[in-house]
Each structure stands twice: as structure tokens, then as C-alpha cells.
Amino acid sequence: MSKVLTIKVYGAEKKCPSCINMPSALETKEWLEAAITRKYPERDFEFFYVDIENPGEGIDKEVAKQIFENDLLYL
């Protein structure tokens with residue numbers, strides 16, 4: 001029995017000025033999900049997108065706070 005690996009991608013709907021030509025965080029999450037599940041079909045994954053402007057509660061709210069306080073970098 002394998003454990004489920006959780007992968008969260010944090011981002012915002014509005015891109016920063018330097019990220020205009022980059023994929024959105026949601027597109028990045030979808031790309032990662034497709035690539036990782038294709039590379040490791042025997043593993044169980046959960047993929048989540050967390051909007052840092054509306055993160056909900058718990059650890060996601062804390063991570064979003066750290067991003068806004070410039071303690072963590074986001075693209």
C-alpha cells in the first residue's frame with residue numbers, strides 16, 4: 001500500500017508584471033499533474049491549486065500570508 005503524495009501549487013489569478021508571458025499557476029498545476037502522473041503511474045498523487053488571494057483556512061492560509069509578506073517567492 002503506497003501513501004498518497006500531495007502536491008499543491010500556490011498562485012493568483014492576476015499575474016505579476018514580470019510573469020505576463022509565463023503560464024498561470026493553474027496551468028502549471030495542470031501541466032505538473034499530467035507530467036508527474038505519466039512519469040510515475042504506479043504512485044498515488046493528489047494535486048491542488050490554491051488561490052493565494054482566497055486560500056481558505058489552515059496551512060494554505062499561512063502559506064499565502066508568507067507569500068504576501070515576501071517570505072516566500074511565487075511566480
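This briefing covers the overall build of the protein, its nonpolar core and two residues of helix 1.

The model is predicted. The protein has 75 residues, of which 24% count as buried. Two helices and two strands are present, and from the N terminus on they follow the order β-α-β-α.

**Overall build**
- The C-alpha trace spans about 40 × 30 × 20 Å along its principal axes.
- Among contacts with a sequence separation of 6 or more, 59% join residues that are 24 or more positions apart.

**Surface and charge**
- About 5900 Å² of the protein is exposed, and 55% of this area is supplied by carbon and sulfur atoms.
- The protein carries 10 positive and 14 negative charges, and the mean positions of the two sets are 4 Å apart.

**Nonpolar core**
- Seven residues form the largest nonpolar core: Tyr10, Ala12, Val50, Ile52, Val63, Ala64 and Ile67.
- Helix 2, which covers residues 59–68, gives the largest share of this core, with three residues.
- In soluble globular proteins, nonpolar side chains tend to be buried together.

**Glu27 in helix 1**
- Glu27 belongs to helix 1, which runs over residues 25–39.
- The relative accessible area of Glu27 is 43%, so this residue is classed as partly exposed, a class that lies between the 20% limit for buried and the 50% limit for exposed.
- The Glu27 side chain comes to 2.8 Å from the backbone nitrogen of Ser24.
- Tyr49 is 22 residues away from Glu27 in sequence, while their C-alpha atoms are 9.5 Å apart in space.

**Lys29 in helix 1**
- Lys29 is also located in helix 1.
- Lys29 counts as buried because its relative accessibility is 14%, and the cut-off for buried is under 20%.
- The side chains of Lys29 and Glu33 make a polar contact at 2.9 Å.
- Leaving aside residues up to four places away in sequence, Lys29 touches Val9, Phe47, Phe48 and Tyr49.

**The two residues together**
- Glu27 is partly exposed at 43%, whereas Lys29 is buried at 14%.
- Tyr49 appears in the description of both: its C-alpha is 9.5 Å from that of Glu27, and Tyr49 is one of the residues that Lys29 touches.
- Each of the two side chains has a polar partner, the backbone nitrogen of Ser24 for Glu27 and the side chain of Glu33 for Lys29.

Methods:
Residues are numbered from 1 along each chain as its sequence is written. This is a predicted model: local features need pLDDT of at least 70, side-chain atom pairs count only at pLDDT 80 or more; totals for chains, interfaces and linings use all residues. Side-chain values use heavy atoms; hydrogens and water are left out. Helices (H or I, at least four residues) and strands (E, at least two) are DSSP runs, numbered from the N terminus. Buried means under 20% relative accessible area, exposed over 50%, partly exposed in between (1.4 Å probe, protein chains only). A polar contact is a pair of N or O atoms within 3.5 Å; within protein, one must be able to donate a hydrogen and the other to accept it, and residues adjacent in sequence count only if both atoms are side-chain atoms. Contact means heavy atoms within 4.5 Å. Accessible areas come from the Shrake-Rupley method with a 1.4 Å probe; for residues, only the protein chains shown count as cover. Lys and Arg count as positive and Asp and Glu as negative; His and the chain ends are not counted. The place of a charge is taken as NZ of Lys, CZ of Arg, CG of Asp or CD of Glu. A nonpolar core is a set of buried Ala, Val, Leu, Ile, Met, Phe, Trp, Tyr and Cys residues joined through side-chain atoms within 4.5 Å.
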